[in-house]
Amino acid sequence: MIHLYKGKGNCCGCTACMNICPYNSITMKKDEEGFLYPVIDLNTCTQCGACVKVCAFHKKEYEEKIPKDQEVFALRHTDRKVREKSSSGGAFTVISDHILNQGGAVYGAVFNESFEVIHSKAWDRERRNKMRGSKYVQSDLGNIFKEIKSELERGKPVLFTGTPCQNGGLKSYLGREYPNLILCDTACHGVPSPKIWADYKAYLEEKHQDKIKEINFRNKDSGWQNSSLKVVFGKSEYKKDMQQDPYYILFFSHLIIRPSCHQCVYASYHRVTDITLADFWGIENSSKTFSDDTGVSLVLVNTRKGKELIGNIGKDSDMIKSSHSAFYQPIFEIPSKMSPKRQLFWSEYFAKGNKAFRKYGKLSTLQWIIKRIIVPVLKKTGLYNLAVKVFFK
Ligand SMILES: Cc1cc2nc3c(=O)[nH]c(=O)nc-3n(C[C@H](O)[C@H](O)[C@H](O)COP(=O)(O)OP(=O)(O)OC[C@H]3O[C@@H](n4cnc5c(N)ncnc54)[C@H](O)[C@@H]3O)c2cc1C
C-alpha cells in the first residue's frame, strides 16, 4: 500500500503528487486545521508509485554552506506608489514586468472574491497587480501545475512565484529544466492556517457588521518597519499594527503555521529557485540612504537564468549590490521552531473558538517588552541583526 507521507510534518501540501498521478486518484482534502493534504482513492490507485517518487519534500537534503556564486542585491522600485503596495521594495513587480513585456504568463497568489488565498495566472498588469503584497495564509494551488506545464510546452515565458515548497513541488512535478521558466520564491517562515484566516475574517465582518472590501497585510501608512494589517469594509476599516493584531500574534508565535514548516527542508541559502525575494531588514548596514521606509527588497540571485533576468530588468528599479553579511534572515538557516503551546492552542480552539483566539492572540508581558521596547532600541542602535544572529544560533 502506498504511503505518501509519514506524518503531517512531512507533507507541505505542494500538490506535486496529485498532479503527477496518471489515474487522477489523488485529491487534496482539508484537515481539521484547514490545511490541504493529499488523499488517495484506493479504488482507482494502481500503486504505480509516481506520487511517492515526485515528492520533493522528503527527498531534499539540507545544505548548510552559503552557495559561492549566489549574488545579493538590495532593490527598490523607482515608483513610490508601487513600493507602498508591495510588501518589501516591489522586486516582484519589476521581475514580473519583464516577463509580461515578453508576452509571458505570471503565476502568483491572489485573493478570490471571498478573500481566500489561491494561486492564479496573469497575462496583463491588472491581473498581476492583484498578486502584489504578501497574503499570510497558505495559498491553494488547485490544478495550476498542469496549466503551467502546458504553457511551458507551448514555449511561452513563464514566471512562477510562491513559497519555497511550492516552487520545489513544481520543479519536481515538471521533472526537467525549461529554459522559458523562471522560478521565484519568497523567504518564508511558515504558512498560516486557512481555517484560522477564514474564522478571523468572519469575526471581523461580524464585529463591523459589514462585508470586507479590501485587505492589505502589509499596510505601510506608518512605514515599512511598522507595517499593519488593514481591512477595509463598506463604511469602516480595521487597522492594527503587526505587533498587536491577534492573527499576526498567533502567526509570529508559531501556533498556526503548517506542521511541515517546522521541518522545512527549504530553510537554507541553497534555493530551488532562480531568484529569492525577502524584506531587506538591515539595509542601513549597506546604505544609510537607500531606504525611505516604504520598503526595500532583498534579492538573492541563485542561478545563471536569474542573473540574466536581473541584468535585464531595466529602468524601473534602483539596485545596489550587497552581501550576505549585510542582512540576517534566520529562515535561510533554520526552520521556524514549533511553539510548545501549539497543541494546547488547537485543542482549546476546537473547544472554545474565539475565546482561545483572544487568549493566545495577546502578547505576554515578556513578549511585549521584547517587541515594543528592546527590538526598537536594537534597531535604532544598529544592533538588531547581531542580536538576531546570537539569539537564533
Ligand atoms: C507566508 C509568507 C511568509 C513570509 N515570510 C518571510 C520572512 O520570514 N522574511 C522575509 O523577509 N520575507 C518573508 N516573506 C516574503 C515577503 O513578505 C515578500 O513577499 C517578499 O519580500 C516579496 O516582496 P515584494 O515587495 O518583492 O513583492 P510583493 O508585491 O509584495 O509580492 C508578493 C509576492 O508574494 C507572493 N505571495 C503572496 N502571498 C503568497 C502566499 N500566501 N503564498 C505564496 N506566495 C505568495 C506573490 O505571488 C508575489 O510573488 C513571506 C511571504 C509569505 C507569503
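How far is an oxygen atom of the ligand from an N or O atom in the side chain of His189? The views below start there. This is a predicted model, where local features need pLDDT of at least 70, side-chain atom pairs count only at pLDDT 80 or more, and totals for chains, interfaces and linings use all residues. Residues are numbered from 1 along each chain as its sequence is written, and side-chain values use heavy atoms, with hydrogens and water left out.

**View 1. Polar contacts of the ligand (pairs of N or O atoms within 3.5 Å).** The answer for His189 is 2.6 Å, from an N or O atom in its side chain to an oxygen atom of the ligand. The side chain of Ser88 also puts an N or O atom 2.6 Å from a ligand oxygen. With Gly90 it's a polar backbone atom, 2.9 Å from an oxygen of the ligand. On its own the ligand has 900 Å² of accessible area (Shrake-Rupley, 1.4 Å probe), and the protein covers 97% of that.

**View 2. The shell around the ligand (residues with a heavy atom within 4 Å).** The ligand has 35 residues around it, with Ser88, Ser134, Lys135, His189 and Gln329 the closest. By type, the shell splits into twelve nonpolar, 19 polar and four charged residues; Gly counts as polar here. Elements giving two or more residues include helix H4 (91-101) and strand E4 (105-111). Strand E11 (275-279) chips in the most, with three. Helices (H or I, at least four residues) and strands (E, at least two) are DSSP runs, numbered from the N terminus.

**View 3. Helix H13, residues 365-381.** Look for a kink of about 35 degrees at Ile374, shortly before Pro376; the bend is the angle between axes fitted to the seven residues ending there and the seven starting there. After H13 comes Gly382, with a positive phi near 75 degrees.

Note on methods
Polar contact = N/O pair within 3.5 Å; in protein donor to acceptor, adjacent residues only side chain to side chain. Expected span 1.5 Å × (residues − 1).
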